[in-house]
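Please look through the structure shown here slowly, with the sequence beside it. The paragraphs below take one topic at a time.

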Amino acid sequence: MILIPCPHCGERNVSEFQYVGEALTRPNPDGVDPEQWRSYLYLRSNPAGPTVESWFHRAGCRRYLKVERDTVTNEVTSVTLPGRGGPQP
Amino acid sequence: MAEPAVIARSPITPAEPPSVVDGWEVSGRRSGAGLTLVDCMPLAKILVRAAPDGAVGRWLGTPFGRAGTNPDGVLVTGSGPDEWTLFGPHGSGRALVGAVEDLSGERELVSALDVTHGRTLMRLTGAAARPLLSKLCAVDLGNAVSPNSAVFRSSVAKVITDVVRDDRSGVPSYLVHCERSYGSYLFGALLDAGAEFGIEVDGYTSTEMRGV
Ligand SMILES: [Zn+2]
């Protein structure tokens, strides 16, 4: 069982959360070309190893969280609230 | 005297004998059991969204994860990082929404929504309330993590449920509420889990908010 330590609610069972996807930096819609936009919308790197992704705490605080997880070991190394800058949920 | 008219019903079928309180069809049963479950549907429930440091947030006073009773006897629960659920006596919903709206002024973004009929509220009281709830919910209910007045939202019997610990005269008691449509199921699940502890359904009385 994966436990995700929510900054608001504490350690909770993964079944309380909804997986949203890889956290990506949204390109500026002014001046982005179709290729970049398509890549932002549809392409994911899907690594075997550490990755940064968004999860939604559906059965708790109802907040989006930025979760660093190893996709091989399922070890969650960090959970933070999404802030400004960097990949956003 | 004519029977008072029923204008509102809980999703939970009231245990015999039926009774009417303020237009709500409730159970008139009186149980003396050590562990009881009460359908508290008639209590006013107000969902407030506001900034914690705004005028409304400061007036409400309780932080996320805690509950407190304000001078008007309204139970204010911090149900989310910028979200509160207020419980007042039956029929007080409109006044509570008005009180929040009056405070919010024009500059603050605040929403106050009367969800009295939209959420199912029940009260579980008794020495065995904690072991019962522990069968259905993974959150640590011990005093270190969930003391009296603790508030959290989690999965209870696989339903997204808000739990408020609100002890009554030193006896462990939990207010449990979820979306209306899951209420009947959750009520049944609590009764089922409580069978081994001798749980009984108790009726709703108009003094339900007193001493909260
Ligand atoms: Zn949370």
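What follows is a walk from the overall layout of one chain to a metal site, then to the contact between chains, and finally to some details of the backbone.

This is a predicted model, in which local features need pLDDT of at least 70 and side-chain atom pairs count only at pLDDT 80 or more, while totals for chains, interfaces and linings use all residues. Residues are numbered from 1 along each chain as its sequence is written, chains are lettered from A and ligands numbered from 1 in the order in which they are written, and side-chain values use heavy atoms, with hydrogens and water left out.

Chain A is a convenient place to begin, with one helix and six strands, where helices (H or I, at least four residues) and strands (E, at least two) are DSSP runs numbered from the N terminus. Read from the N terminus on, the elements of chain A follow the order β-β-β-α-β-β-β, and the C-alpha atoms of this chain fill a box of roughly 40 × 25 × 20 Å along the principal axes. Of the 89 residues in chain A, 31% are buried; buried means under 20% relative accessible area, exposed means over 50%, and partly exposed lies in between, with a 1.4 Å probe and protein chains only.

Which residues hold the zinc ion? Its protein donors are C6(A), C9(A) and C61(A), each through SG, together with H57(A) through ND1, and they lie 2.0 to 2.4 Å from the ion. Donors here are N, O and S atoms within 2.8 Å of the metal (3.2 Å for Na, K and Ca), and water is not among the atoms, so sites may look incomplete. The angles among the four donor atoms are 105 to 117°, and the site is tetrahedral, a label given to four donors if all angles lie between 85 and 135 degrees. Along the sequence the donor residues are spaced C-x2-C-x47-H-x3-C. Because C6(A) lies in strand β1 (residues 3-6) of chain A and H57(A) in the loop between β4 (50-56) and β5 (64-70) of chain A, the pair ties together parts that are 51 residues apart in sequence. Both C6(A) and H57(A) are buried.

The next topic is the contact between the two chains. Chain A gives 10 residues to it and chain B gives 11 residues, contact meaning heavy atoms within 4.5 Å. Between them the chains bury about 900 Å², with 47% of it on carbon and sulfur atoms; buried area is the accessible area (1.4 Å probe) that two parts lose on being put together, summed over both.

Side chains of opposite charge can pair when their charged atoms come close. In this text a salt bridge is a side-chain nitrogen of Lys or Arg within 4 Å of a carboxyl oxygen of Asp or Glu, and two of them are found across the interface of chain A and chain B. One joins D82(B) and R63(A), whose closest N and O atoms are 2.5 Å apart. The other pairs E83(B) with R62(A), with the closest N and O atoms 3.8 Å apart. Because E83(B) lies in strand β8 (residues 83-88) of chain B and R62(A) in the loop between β4 and β5 of chain A, this pair joins two chains. E83(B) is buried, with a relative accessible area of 3%, whereas R62(A), at 34%, counts as partly exposed.

E83(B) also forms a salt bridge with R153(B), the closest N and O atoms being 2.6 Å apart. That pair links distant parts of the chain, since R153(B) is in strand β11 (residues 151-156) of chain B, 70 residues from E83(B) in strand β8. R62(A), E83(B) and R153(B) are among the members of a network of salt bridges that also includes R119(B), D162(B) and E179(B).

Back in chain A, E16(A) sits in the loop between β2 (10-13) and β3 (18-22) and is buried, with a relative accessible area of 4%. E16(A) forms a salt bridge with R12(A), the closest N and O atoms being 3.0 Å apart. Leaving aside neighbours within four places in sequence, E16(A) is in contact with residues including H57(A), S154(B) and S155(B).

Last comes the backbone. Most residues other than glycine have a negative phi, and most peptide bonds are trans. A cis peptide bond, with omega about -5°, joins E16(B) and P17(B). S169(B) has a positive phi of about 50° although it is not a glycine, and S169(B) is exposed, with a relative accessible area of 80%.

Conventions:
Four donors count as tetrahedral if all angles lie between 85 and 135 degrees; four count as square planar and six as octahedral if opposite donors are over 155 degrees apart and all others between 65 and 115; anything else is irregular.
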